[in-house]
Amino acid sequence: MIATNFEAGSLTTAGFAAPFTAGTGTADVSSAEQHSGRCSAHVHVTTDAGSVANFSAPLPAGSNEVYADGWFNVTKEGVAGNNVPYFRFFNGTTRFVDVYRSNGGAGPLWLRVAAPNGTLGYTPMNVNVPLGTWHHVVMHVIPNGASTTVEVWFDNKLVYSSKQVVTGFNAVTKMQLGAEHRRQAGDSYIDDVVIKAGKAGGQLPGTFNPIAPTRVLDTRNSSAVRANSAVSFQVAGVNGIPAKVAAVVFNLTVTQPRSIGFVTAYASGTARPNASNLNFSTGQTVPNLVTVPVGSDGKVTLFNSSSGSSQLIADVTGYYVTGTPSTAGSFKGIAPARLLDTRNSKAVGANSPVSFQVAGANGIPASVAAVVFNLTVTQAKSLGFVTAYASGSARPNASNLNFSAGQTVPNLVTVPVGSDGKVTLFNSSPGTSQLIADVAGYYLPGTPTVTGAFKAVGPTRILDTRNTKTVAANSAVSFQVAGANGVPTGALGAVFNLTVTSPKSFGFITAYPSGSGLPNASNLNFATGQTVPNLVSVPLGSDGKVTLSNQSKGAAQLIADLAGYFLP
């Protein structure tokens, strides 16, 4: 996968080749216009003879399924009747599929396809693109000769879809952005590009595809979610995610809530379950990782159960392949259901455990490898933390949830299931606590062997800066995951519980693959002096490492407890 938001100040990041320019054409990075962050790419071509400017990304050999996703702002167009290109799909030197904005008039969007004999076919998308505005364009192409699949989304709306497009190719070798000649004159700004290339149907149902953290919802840019109301947002078909997925993983953050409450995430078009994903007090900023099925319309719904409005932010980190999971380590998402609520029995005693049945309950099979559930602590009589682990095994040196007296705190948990089908929660606190567990899904048993399958471990501590040195203000720390702690070299991604403690100022932590640009996303928000946990699911860098960036004016201590990894 290729992903860049051009924050590194270069067009040659994340797999893009050096730009090709000639004559009066230029291609560079600009801070004048951006969709997010500080920078975007800027392509400038004039009507002068020989004016050219474009940049491209070569794709892996044999790529026969490509998702291209990006934001475009055409600020100046060229000669009427010509065009300003968006995404262009090549096989060798032949451009066989592209989408563009036509110059002149209302600026209509067009799809262009080259037939095997070179004849060009044009299809209007029935969308007009005004100048000087950012727009989201996504294309999905599976080249297959006369049965090529082409799908186009514009501002998250599907505007074209066909599996019977006639081309002469069965692979995509290069993606190009920008103008090939002076007739494509204009000024284009391009930002937040994601290109995902591979083999069609390459991963099995229920396996995971991690993606670089990408913001898919921020109600601060539109309007707050009203009291006792819902907001839905598109995940399938955007940001390199296929049009059909089983479930999505994203970091959910609430901020500026006007009253206490909680948020429930569920598949769009389904009934709202009796479960919570995120609990908050007035004015709090609280994050939590969410794993949830996706509705048939490709959307997820968030319900604000509160007497006041709230702002919600969602940063997607990956998705599960659609279909019926059947292989070891594949994931089956289920509608959130309550597995445990000690308020209906008795509080968990100080420094004591409670175990609850997972296997065979709420439609979960009698044999599962691991379970994913949202854990909430409430009515805690003292500060402390909770550790989740497989029933019957030794309690590990790890934490899943940290809390203060009286706090209500949630966190997503991924944990192996004991041979008796149970999970144990240990209340490490001098006071009693009430615990609630809402299941989100489970992983099939057996030895995982296929790409994207999940292997649960530990939990095992893989980072503790208290034993080395604190992470300085506005600085990063990287740590090894693949090739250490039993994780194989080449692993796709990791799941770990991240805890911040002793921060000297308020801020947030962003987790991302080592070696890539810092994304516009957050995983963990904190106030001065707080101890806050959150589960993180993140791709690994090519060096097998994860980077954590401390976006704060003060130093902070960071702890990471590995819960598992996804196979290469």
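This is a guided tour of a predicted model, moving from the whole chain to selected salt bridges, loops and single residues.

**The whole chain**

Begin with the full chain displayed as a cartoon and coloured by secondary structure, where 39 strands and 0 helices are assigned. The radius of gyration is 24 Å, close to the 24 Å that the globule rule gives for 568 residues, so the chain is as compact as a globular protein of that length. If you align the view to the principal axes, the C-alpha trace spans about 80 × 45 × 45 Å.

Switch next to a surface representation, for which the exposed area of the chain is about 20500 Å², with carbon and sulfur atoms supplying 49% of it. Of the 568 residues, 60% are buried. A contact map adds another view of the fold: among contacts between residues at least 6 apart in sequence, 77% join residues that are at least 24 apart. If you then colour by charge, there are 34 positive and 23 negative charges to find, and the mean positions of the two sets lie 7 Å apart.

**Salt bridges**

With the charged side chains shown as sticks, a search of the whole structure gives 16 salt bridges, and three of the pairs are visited here.

Select Asp 98 and Arg 88 first; these two form a salt bridge in which the closest N and O atoms are 3.2 Å apart. The pair links distant parts of the chain, since Asp 98 belongs to strand S8 (residues 94-102) and Arg 88 to strand S7 (residues 83-91), with their positions 10 residues apart in sequence. Are these two residues buried or exposed? Both Asp 98 and Arg 88 are buried.

Move on to Arg 215 and Asp 218, whose salt bridge has its closest N and O atoms 3.8 Å apart. Here the two partners fall into separate accessibility classes: Arg 215 is partly exposed because its relative accessible area is 22%, whereas Asp 218, at 13%, is buried, the cut-off for burial being under 20%.

The third pair to select is Arg 461 with Asp 464, where the side chains meet in a salt bridge with an N to O distance of 3.9 Å. Arg 461 is partly exposed, with a relative accessible area of 24%, while Asp 464 has a relative accessibility of 11% and therefore counts as buried. After this pair, return to the surroundings of the opening one and select Arg 88, Arg 95, Asp 98, Arg 112 and Glu 180 together, as these residues are joined into one network by salt bridges that share partners.

**Two loop residues with positive phi**

A backbone torsion plot is a useful companion for the next two selections. Most residues other than glycine have a negative phi.

Select Gln 256, for which phi is positive, near 55°, although the residue is not glycine. Gln 256 sits in the loop that runs between strand S18 (245-255) and strand S19 (261-267), and it counts as partly exposed, with 43% relative accessibility.

Then select Asn 485, another residue other than glycine with a positive phi, again near 55°. Where along the chain is Asn 485 placed? Asn 485 is in the loop between strand S33 (475-480) and strand S34 (493-501), and its relative accessibility of 42% makes it partly exposed.

**Two threonines**

The tour ends with a threonine in a strand and a threonine in a loop.

Select Thr 424, which is part of strand S30 (residues 422-428) and is buried, with a relative accessibility of 6%. Once neighbours within four places in sequence are set aside, the contacts of Thr 424 are with Pro 353, Val 354, Ser 355, Thr 387, Ala 388, Tyr 389 and Ser 391. For a distance to draw in the viewer, take the C-alpha atoms of Thr 424 and Thr 342, which are 13 Å apart in space and 82 residues apart in sequence.

Finally, select Thr 528, located in the loop between strand S36 (524-526) and strand S37 (532-539). Thr 528 has a relative accessible area of 52% and is exposed, since exposed means over 50%. Beyond its neighbours within four places in sequence, Thr 528 is in contact with Pro 503, Lys 504, Ser 505 and Phe 506. The last distance to draw joins the C-alpha atoms of Thr 528 and Ser 552, which are 24 residues apart along the chain and separated by 9.8 Å.

Note on methods: Residues are numbered from 1 along each chain as its sequence is written. This is a predicted model: local features need pLDDT of at least 70, side-chain atom pairs count only at pLDDT 80 or more; totals for chains, interfaces and linings use all residues. Side-chain values use heavy atoms; hydrogens and water are left out. A salt bridge is a side-chain nitrogen of Lys or Arg within 4 Å of a carboxyl oxygen of Asp or Glu. Helices (H or I, at least four residues) and strands (E, at least two) are DSSP runs, numbered from the N terminus. Buried means under 20% relative accessible area, exposed over 50%, partly exposed in between (1.4 Å probe, protein chains only). The radius of gyration is taken over C-alpha atoms; the globule rule is 2.2 Å times the number of residues to the power 0.38. Contact means heavy atoms within 4.5 Å. Accessible areas come from the Shrake-Rupley method with a 1.4 Å probe; for residues, only the protein chains shown count as cover. Lys and Arg count as positive and Asp and Glu as negative; His and the chain ends are not counted. The place of a charge is taken as NZ of Lys, CZ of Arg, CG of Asp or CD of Glu.
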